[in-house]
Amino acid sequence: MTFEELGVNEPLRRAIAELGFENPMPVQEKVIPHLLSEEGDVVALAQTGTGKTAAFGLPVIQRIDESRSVPQALILSPTRELCLQIASDLADFSKYIPELRVIPVYGGSSIESQIRSLRQGAQIIVATPGRLIDLINRGVVKLGDVHTVILDEADEMLNMGFLDSINDILSHVPENRKMLLFSATMPPEIARIAKKYMHDPVEFVIGTRNEGAANVRHIYYMVNARDKYLALKRVADDNPNIYAIIFCRTRRDTQEVADNLIHDGYNADALHGDLSQQQRDIVMKKFRDRVITMLVATDVAARGLDVNDLTHVINYGLPDDTAVYTHRSGRTGRAGKTGVSVAIIHSREKGKLREIERIIGKTFERKEVPTPEHIIEKQLFSMADRIERVEVNDTEIAKYMPAVMKKLGWLSEEDLMKRVLSLEFNRLLDYYKDAPTIDFIDEKPRKEKKSKRGDEGENTDKDRRTAARGMERIYISTGKRDGFYAGNLIEMLNKFVSGPRVDVGRIDLMPAYSLFDVKKSDARRVVAALKGAEFMGKRIYSEVAKADKDYARTSNRRSKEAPHADEVTDPYDAFERFKRKARKKSRR
């Protein structure tokens with residue numbers, strides 16, 4: 001089967017050929033001919049990454065009348081990221097149809113600029129429900145000429161509470177429009193939407209209802225609850241080329257796991273609801289550009305993310321809803337590629353794992369947590385592979401070789417190789433020296449060596465103010481309440497502290513302040529460099545920490561005297577503060 005045989009016209013075929021589309025995927029083979037030749041509505045059940053955007057995008061574009069600059073097709077998506085991704089894909093598909101305009105509208109961005117774009121005319125609108133309703137109420141968007149409505153990731157929209165918004169939007173669309181509903185799972189709410197709003201819909205199922213993606217391998221590791229982070233590190237170390245999303249159940253777990261990974265030297269960052277849209281965009285750009293290779297996220301924050309070529313999805317905590325697990329695992333093994341969905345569980349979660357197996361129709365394979373020997377071997381072979389494949393610029397390198405040979409010529413090949421490997425692996429060898437097996441067994445397991453960060457629990461006040469041997473404790477007047485985390489601290493030090501690199505030891509992040517260790521020789525230099533620095537519009541204060549000082553009280557007082565810039569300008573926060581003051585006065 002070819003796209004021409006499906007009925008796709010020449011301008012679209014030329015554009016998708018340049019994008020590397022050769023043959024249609026199963027969902028495209030089923031959906032495209034129906035949308036081009038039939039008038040009935042469609043419900044398509046398919047996992048993320050199976051080619052859904054092209055399945056609805058190509059026929060929608062082909063059915064647009066470019067001579068009329070009014071909205072003719074509406075695509076609803078649950079999140080800003082998915083909205084932008086769909087709009088970008090449709091723009092690529094319509095490369096050779098210059099008269100066609102696709103406009104994305106979404107929250108978290110300037111509504112004025114979106115209004116200006118819409119007033120210039122657009123035939124296809126891709127929108128998140130909340131922002132679209134706002135634009136409808138302002139009279140900017142009129143949907144009277146829309147002939148096609150698409151709900152993408154419909155189950156996600158229901159999970160996010162958009163049912164009332166969808167009802168409101170569909171009331172502005174002509175009754176005789178064609179409607180397409182795409183979903184990874186088929187919960188009862190989806191069936192009710194189909195019954196209420198769709199006209200005798202044809203259902204296409206790619207695979208089996210509610211099953212996991214076919215190209216995903218499901219494995220699990222069972223450890224004691226306190227060893228989950230240690231197991232996560234071993235999984236990461238055992239996969240040198242890992243590119244993964246790590247799912248946690250809560251925002252707090254998400255940030256703590258990300259902070260621990262950053263502190264232990266991994267390219268990681270967090271994505272959760274406490275981040276501002278600007279912070280979220282920065283994190284996602286770094287992840288898509290592979291500046292970071294492990295994204296620690298909550299399910300809500302990760303909804304609608306469209307990232308290709310993930311090697312792993314790691315479930316640091318199993319979700320209560322099996323459909324959520326299906327969405328998680330469906331983010332890898334996309335577009336015909338293979339992927340791995342990993343669950344790190346403790347013994348009490350085994351029943352939940354079996355329930356997921358029953359519903360998705362797949363069996364999880366239990367694996368032993370990678371041993372230190374296996375990890376080091378994998379890392380060695382990975383480095384050997386990189387050395388073997390590196391591109392050598394003979395012309396440029398040749399002029400430096402005589403000096404290097406003079407310096408290192410006395411070493412044998414074996415000695416030289418040992419030293420090269422030691423540069424890369426001394427830290428790993430030291431960490432895993434005498435490290436035991438941490439798989440869950442009936443008898444009490446041996447305790448693995450702690451990470452540099454120590455136990456996951458909070459330190460006592462006394463411990464928090466006391467530096468490690470040879471280190472000095474630094475206080476900084478910003479903390480978790482300001483959205484300040486370990487990654488922000490490292491970035492700030494790199495930005496403001498000149499001279500030799502500062503080695504950071506233990507970091508304690510508190511709501512209103514933070515404490516961290518640096519070498520004694522660097523302490524004064526760090527404090528001087530941070531003087532007058534700002535974080536997210538808030539001027540910060542830093543000093544060498546005093547063991548007998550109550551920093552919680554000091555920081556809370558400082559926060560009242562100099563509130564965060566966002567707190568000053570956000571009308572909602574200002575109103576909340578006004579109400580709190582009014583209540584206090586009334587009690588007096």
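Select Val420 first: at 30% relative accessibility, Val420 counts as partly exposed, a class that lies between buried (under 20% relative accessible area) and exposed (over 50%), with a 1.4 Å probe and protein chains only. Val420 lies in helix 20; helices (H or I, at least four residues) and strands (E, at least two) are DSSP runs, numbered from the N terminus. The model is predicted: local features need pLDDT of at least 70, side-chain atom pairs count only at pLDDT 80 or more, and totals for chains, interfaces and linings use all residues. Residues are numbered from 1 along each chain as its sequence is written, and side-chain values use heavy atoms, with hydrogens and water left out.

Next, add Ile387, Tyr400, Val404, Leu408, Leu416 and Met417 to the selection. Together with Val420 they form a nonpolar patch on the surface, with about 570 Å² of accessible area (Shrake-Rupley method, 1.4 Å probe, only the protein chains shown counting as cover for residues). Patch residues have over 30% relative accessible area and no salt bridge (a side-chain nitrogen of Lys or Arg within 4 Å of a carboxyl oxygen of Asp or Glu), and nonpolar side chains are joined within 5 Å. Helix 19 (401-408) and helix 20 (413-432) each give two or more residues to the patch; the largest share, 3 residues, comes from helix 20.

Now move to the sheet. This open sheet has 7 strands in the order 3-4-2-5-6-1-7, with parallel pairing; two strands pair if DSSP finds at least two bridges between them. Strand 3 (102-105) and strand 7 (202-205) are at the edges with a single partner strand each, so one side of each has no neighbour in the sheet.

Finally, select residues 124-127, which are strand 4; strand 4 pairs with strand 3 in the parallel sense over 4 bridges. Ile103 has Ile125 as its bridge partner in strand 4.

Notes
Patches are made of residues with over 30% relative accessible area and no salt bridge: like charges are joined within 9 Å, nonpolar side chains (Val, Leu, Ile, Met, Phe, Trp, Tyr) within 5 Å.
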